[in-house]
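This note is written for a colleague who is meeting this structure for the first time. The points below move from the sheet to the helices around it and then to the charged pairs.

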Amino acid sequence: MPGPFTIAIDGPAAAGKGTISRAVAAHFGFAHLDTGLLYRAVGARMLLGQDPAEAALGLTAEDMETGDLRSPEVAQAASRVAVMPEVRDALVDFQRSFARRAGGAVLDGRDIGTVICPRAEAKLFVTASAEVRARRRYEELVASGADVSPEQVLADVRERDARDRDRATAPLKPAADAIEIDTSDMSVEAAVAAAIEAISKRRLG
Ligand code: CDP
């Protein structure tokens, strides 16, 4: 099995990081970790009354499958626990060891290229306008049966972006050596192709 190779994919809420990361991981035969799900699982536990730092320290594989982690309420709770340094610290080791597993790894989140894996072999920063991101998320949520309005989803995306960008610990921002991909006017296929092309260049050095 080939040695470690880390692909860091960061970007604001609902930018399409998940879709791109899954496709990139499948293309290269790498494992994929959606780090947002870790914060969502901690946020869900906070909504149940648990202390967020304790929840982060005691996170189990089962927590990642419990409840509706994709709901807007859990997304907001995730971004509230994500400002807490104790919560972020508790999740660092797991993310770093996943990143260096043999065979290669794709991690998507907000601070992968800046804080978790500053020496990742390839870094992408995936963006799109807030309106485009909110529309995509609205369509996803409606398809999954959620009762939401487009205005609510746009407000949620904007609120989380502001909280993620303005926090003191590991704020959302592109790493200096990240390749930026603006997917506002791109199809999923075009965005995935652009990501694979950018990563392939780094792979070949
Ligand atoms: O899918 P979406 O982009 O809407 O969100 P997500 O990636 O599941 O992340 C949910 C929340 O977790 C974000 O709004 C961030 O506050 C937080 N998060 C973070 O702080 N750092 C990460 N590496 C991943 C997520």
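1. The central element to locate is an open sheet of 5 strands, paired in parallel and ordered β2-β3-β1-β4-β5. Its edges are formed by β2 (31-34) and β5 (179-182), each of which pairs on one side only. On average, neighbouring strands of the sheet are turned by 20 degrees against each other, direction ignored. The reader should bear in mind that the model is predicted.

2. Within the sheet, strand β1 (residues 6-10) runs parallel to strand β3 (residues 105-109), and 5 bridges join the two. One pairing may serve as a landmark: Thr6 has Ala105 in β3 as its bridge partner.

3. Two helices that pack on the sheet deserve attention. Helix α1 (residues 17-28) touches β1, β2, β3 and β4 (122-127), and its direction makes about 175 degrees with that of β3. Helix α2 (residues 35-47) also packs on the sheet, where it touches β2 and β3; the direction of α2 makes about 35 degrees with that of β2.

4. Helix α1 has a helical partner as well. It packs with helix α9 (residues 188-204) at an angle of about 50 degrees, the axes lying 10 Å apart. The two helices, α1 and α9, are therefore oblique to each other, and α1 passes α9 in a right-handed crossing. From α1, the residues in contact are Thr19, Ile20, Ala23, Val24, His27 and Phe28; they meet Val188, Ala191, Val192, Ala195, Ile196, Ile199, Ser200 and Arg203 of α9. By class, the residues of this contact are 10 nonpolar, 3 polar and 1 charged.

5. Helix α2 likewise packs with another helix, α5 (residues 85-99), at an angle of about 140 degrees and with the axes 11 Å apart. At this angle α2 and α5 are therefore oblique to each other; the crossing in which α2 passes α5 is right-handed. Thr35, Leu38, Tyr39 and Val42 on the α2 side meet Val87, Arg88, Leu91, Phe94 and Gln95 on the α5 side. The contact of α2 with α5 comprises 6 nonpolar, 2 polar and 1 charged residues.

6. What angle do helix α7 and helix α8 make where they pack? Helix α7 (residues 130-143) and helix α8 (residues 150-166) pack at about 120 degrees, with their axes 9 Å apart. This angle makes α7 oblique to α8, and their crossing is right-handed. On α7 the contact involves Ala130, Glu131, Arg133, Ala134, Arg137, Tyr138 and Leu141, and on α8 it involves Pro150, Val153, Leu154, Val157, Arg158, Arg160 and Asp161. This contact of α7 with α8 has 8 nonpolar and 6 charged residues, and no polar ones.

7. The charged pairs call for a separate remark. How many salt bridges does a search of the whole structure find? The search gives 13 salt bridges. In one pair, the side chains of Arg45 and Asp63 meet in a salt bridge at 2.9 Å, N to O. This pair links distant parts of the chain, 18 residues apart: Arg45 belongs to helix α2, whereas Asp63 lies in the loop between α3 (52-57) and α4 (72-81).

8. For orientation, helix α2 is a useful place to return to. It touches β2 and β3 of the sheet, packs with α5, and contains Arg45, a member of the salt bridge with Asp63. Helix α1 can be followed in a similar way, from its packing on the sheet to its contact with α9.

Technical notes:
Residues are numbered from 1 along each chain as its sequence is written. This is a predicted model: local features need pLDDT of at least 70, side-chain atom pairs count only at pLDDT 80 or more; totals for chains, interfaces and linings use all residues. Side-chain values use heavy atoms; hydrogens and water are left out. Two strands pair if DSSP finds at least two bridges between them. Helices (H or I, at least four residues) and strands (E, at least two) are DSSP runs, numbered from the N terminus. Axes are lines fitted to C-alpha atoms, for helices over the stretch in contact, and angles run from 0 to 180 degrees between N-to-C directions. Contact means heavy atoms within 4.5 Å. Angles under 35 degrees count as roughly parallel, over 145 as roughly antiparallel, 65 to 115 as roughly perpendicular and the rest as oblique. A crossing is left-handed if the near helix is turned anticlockwise from the far one by less than a right angle, and right-handed if clockwise. Ala, Val, Leu, Ile, Met, Phe, Trp, Tyr, Cys and Pro count as nonpolar, Asp, Glu, Lys and Arg as charged, and the others, Gly among them, as polar. A salt bridge is a side-chain nitrogen of Lys or Arg within 4 Å of a carboxyl oxygen of Asp or Glu.
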